[in-house]
Amino acid sequence: DDLLCDLNYSPCPTHLEKIAQEKGIKTMNGLQMLIYQALEAQKIWMGEDAPSEVNIQAIKQAVKS
């Protein structure tokens, strides 16, 4: 199976994602990577580990709102 990874996350879906989806290609944008980078930055800059169970879906919904 083909997979297109677009590191952009806005607009959602991106223009590139729309083209790929029209061709039946599975897509993934950069929102999840952005979230994981933020969690790692919190650890580096604030000295705080992210909670052991982070609800990625809830964060994605909050960012999209």
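## Contacts, cis bonds and a helix crossing

Beyond its neighbours within four places in sequence, Thr14 is in contact with Asp6 and Asn8. Thr14 sits in the loop between β1 and α1. Its relative accessible area is 5%, so Thr14 is buried. In space, the C-alpha atoms of Thr14 and Ala41 are 25 Å apart. In sequence, 27 residues separate Thr14 from Ala41.

This model is predicted. How confident is the prediction for the chain, as a mean pLDDT? The mean pLDDT of the chain is 89. In addition, 98% of its residues reach 70 or more. Confidence can also be read element by element. Helix α1 has the highest mean pLDDT among the elements of the chain, at 96. Helix α3, residues 56-64, has the lowest, at 83.

**The loop before α1**

The loop between β1 (3-5) and α1 holds Pro11. Pro13 is found in that loop too, between β1 and α1. Which kind of peptide bond joins Ser10 and Pro11? The bond is cis, with omega about 0°. Cys12 and Pro13 are likewise joined by a cis peptide bond, and omega there is also about 0°. For background, most peptide bonds are trans.

**Three residues side by side**

Now compare burial. The table lists relative accessibility and the class that goes with it.

| Residue | Relative accessibility | Class |
|---|---|---|
| Thr14 | 5% | buried |
| Asn29 | 16% | buried |
| Gln21 | 40% | partly exposed |

The cut-off for buried is under 20% relative accessible area. Asn29 has 16%, so Asn29 counts as buried. Gln21 has 40%, which lies between 20% and 50%, so Gln21 counts as partly exposed.

Where is Asn29 placed? Asn29 lies in the loop between β2 (26-28) and α2 (31-46). Its side chain reaches the backbone nitrogen of Leu31 at 3.0 Å. Asn29 also touches Asp6, Asn8, Tyr9, Cys12 and Glu17, leaving out residues up to four places away in sequence. Asp6 and Asn8 appear again here: they are in contact with Thr14 and are touched by Asn29.

Gln21 belongs to helix α1, residues 15-22. Which residues does Gln21 contact beyond its neighbours within four places in sequence? They are Pro13 and Thr27. Pro13 is the residue that follows the cis bond from Cys12. Leu4 is 17 residues from Gln21 in sequence. Their C-alpha atoms are 9.1 Å apart in space.

**Where α2 meets α3**

The axes of α2 and α3 come within 10 Å. They cross at roughly 110°. That angle makes α2 roughly perpendicular to α3, because angles of 65 to 115 degrees count as roughly perpendicular. Which residues make the contact? From α2 come Leu31, Gln32, Ile35, Tyr36 and Leu39. From α3 come Ile56, Ile59, Lys60, Val63 and Lys64. Sorted by class, this contact has seven nonpolar, one polar and two charged residues. Leu31 takes part in the contact of α2 with α3, and its backbone nitrogen is reached by the side chain of Asn29.

Definitions and conventions: Residues are numbered from 1 along each chain as its sequence is written. This is a predicted model: local features need pLDDT of at least 70, side-chain atom pairs count only at pLDDT 80 or more; totals for chains, interfaces and linings use all residues. Side-chain values use heavy atoms; hydrogens and water are left out. Helices (H or I, at least four residues) and strands (E, at least two) are DSSP runs, numbered from the N terminus. Buried means under 20% relative accessible area, exposed over 50%, partly exposed in between (1.4 Å probe, protein chains only). Contact means heavy atoms within 4.5 Å. A polar contact is a pair of N or O atoms within 3.5 Å; within protein, one must be able to donate a hydrogen and the other to accept it, and residues adjacent in sequence count only if both atoms are side-chain atoms. pLDDT is the predictor's confidence in each residue, from 0 to 100. Axes are lines fitted to C-alpha atoms, for helices over the stretch in contact, and angles run from 0 to 180 degrees between N-to-C directions. Angles under 35 degrees count as roughly parallel, over 145 as roughly antiparallel, 65 to 115 as roughly perpendicular and the rest as oblique. Ala, Val, Leu, Ile, Met, Phe, Trp, Tyr, Cys and Pro count as nonpolar, Asp, Glu, Lys and Arg as charged, and the others, Gly among them, as polar.
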